[in-house]
Amino acid sequence: MINLLKSILHNIGVVIVGLALAYLGTMIDSLLGAPTLNSTVAAMIGASLLALGFLLRVWATVYFYAHSMRVISLEPQASLITTGPYRFSRNPLYLGGNVFIFFGAALLLGSPTALVATALHLPVMDRFIRREEDLLQRQFGDPWQAYEQRVRRWL
């Protein structure tokens, strides 16, 4: 129960960041005179993506806390998690936050600038993830290699 509460609290911050970035996007849209995506369908898709991203991140962080690991850490992790959401994606935290929450917030607030910024930052995140994966390969060796062959990076 404590892990679930910590996971929820941790990920509320990610939703706030996603909404703040989307709001900043709306301000830039206004300065540039860019048209907004004011559509009920876009807002519904955005809210759904936001909720999906939040729930995926909560699920993933529960597994981190259950293994006594920190979600944000500059130190190498002590365990290789391959269960729960990690059965479907090697990076459910990034998928939930950097993809679902950020795109969802941009659609919810109707910001083309936030959509473009989210799309442009994904290749940067992918490079970051590849560096993390190199570290995991060195740390966990064959178990990592088997996991990497079995589970996709994003989806």
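**Exercise 1. State how far helix α3 is covered, and describe its length and course.**

Solution. Begin with the covering: α3 is mostly covered, since 15 of its 18 residues are buried. The model is a predicted one, and the values used in these exercises are computed from it. Next, take the length: the 18 residues of α3 reach 24 Å from the first C-alpha to the last, which is close to the 26 Å expected at 1.5 Å a residue. Then follow the axis, where a kink of about 25° is centred on Ile101. Finally, look just beyond the helix, where Gly110 takes a positive phi of about 70°.

**Exercise 2. Give the overall make-up and extent of the protein in which α3 sits.**

Solution. The count of elements comes to five helices and zero strands, and from the N terminus on they run α-α-α-α-α. For the extent, the C-alpha trace spans about 55 × 35 × 25 Å along its principal axes. For the burial, 39% of the 155 residues count as buried.

**Exercise 3. Compare the end-to-end distance of α4 with its expected span, and locate its bend and its buried residues.**

Solution. The expected span is 1.5 Å times one less than the number of residues, so the 29 residues of α4 should span 42 Å, and the distance of 41 Å between its end C-alpha atoms agrees with this. The agreement in span does not replace a look at the axis, which bends by about 30° at Leu122, with a proline, Pro123, following within four residues. The buried residues of α4 include His121, Met125, Asp126 and Ile129, and Ala114 and Phe140 are also among them.

**Exercise 4. Describe the largest pocket: its volume, its lining and the elements that contribute to it.**

Solution. The volume of the largest pocket is about 960 Å³. Its lining is made by 35 residues, of which Phe64, Val71, Gln77, Tyr94 and Glu132 are the closest to the centre. Sorting the lining by element, one finds that α1 (2-32), α2, α3, α4 (112-140) and α5 (142-150) each give two or more residues. The largest share, nine residues, comes from α4, the helix that also carries the bend at Leu122.

**Exercise 5. Find how many aromatic pairs the structure holds, and classify the one between Trp59 and Phe88.**

Solution. A search of the whole structure finds four aromatic pairs. For the pair of Trp59 and Phe88, the centres are 6.3 Å apart and the planes make an angle of 40°. Planes under 30 degrees apart count as stacked and those over 60 as edge-to-face, with the rest tilted, and the pair of Trp59 and Phe88 is therefore tilted. As to position along the chain, Trp59 belongs to helix α2 (residues 40-66) and Phe88 to the loop between α2 and α3 (92-109), so that the pair links distant parts of the chain, 29 residues apart. The relative accessible area of Trp59 is 35%, and Trp59 is partly exposed.

**Exercise 6. Characterise the surroundings of Lys6 and of Leu19, both in helix α1.**

Solution. Lys6 is found in helix α1 and, because its relative accessibility of 38% falls between the cut-offs of 20% for buried and 50% for exposed, counts as partly exposed. The charged end of Lys6 sits over the ring of Tyr65, at 4.3 Å from the ring centre. On the level of the backbone, Lys6 and Thr61 are 8.4 Å apart, C-alpha to C-alpha, although 55 residues separate them in sequence. Leu19 lies in helix α1 as well and is partly exposed, with a relative accessible area of 29%. The C-alpha atoms of Leu19 and Leu109 are separated by 8.1 Å, while the two residues are 90 residues apart along the chain.

**Exercise 7. Decide whether Ser68 is buried or exposed, and describe its backbone; then treat Gln145.**

Solution. Ser68 has its place in the loop between α2 and α3, and its relative accessible area of 70% is over the 50% cut-off, so Ser68 is exposed. Its phi is near 55°, a positive value in a residue other than glycine. Gln145, placed in helix α5, is partly exposed at a relative accessible area of 36%. The C-alpha atoms of Gln145 and Val124 are 23 Å apart in space, with the two positions 21 residues apart in sequence numbering.

Conventions
Residues are numbered from 1 along each chain as its sequence is written. This is a predicted model: local features need pLDDT of at least 70, side-chain atom pairs count only at pLDDT 80 or more; totals for chains, interfaces and linings use all residues. Side-chain values use heavy atoms; hydrogens and water are left out. Rings of Phe, Tyr and Trp (its six-membered ring) pair if their centres lie within 6.5 Å; planes under 30 degrees apart count as stacked, over 60 as edge-to-face and the rest as tilted. Buried means under 20% relative accessible area, exposed over 50%, partly exposed in between (1.4 Å probe, protein chains only). A charge sits over a ring if NZ of Lys or CZ of Arg is within 6 Å of the ring centre and within 35 degrees of the ring normal. The bend at a residue is the angle between axes fitted to the seven residues ending there and the seven starting there. On a 1 Å grid over the protein atoms alone, a cavity is a set of points where a 1.4 Å probe fits but cannot get out, and a pocket is an open set with protein on both sides within 12 Å along at least five of seven lines; lining residues have an atom within 4 Å of a point. Grid points are joined across faces, edges and corners, and a volume is the space filled by probe spheres set on the points.
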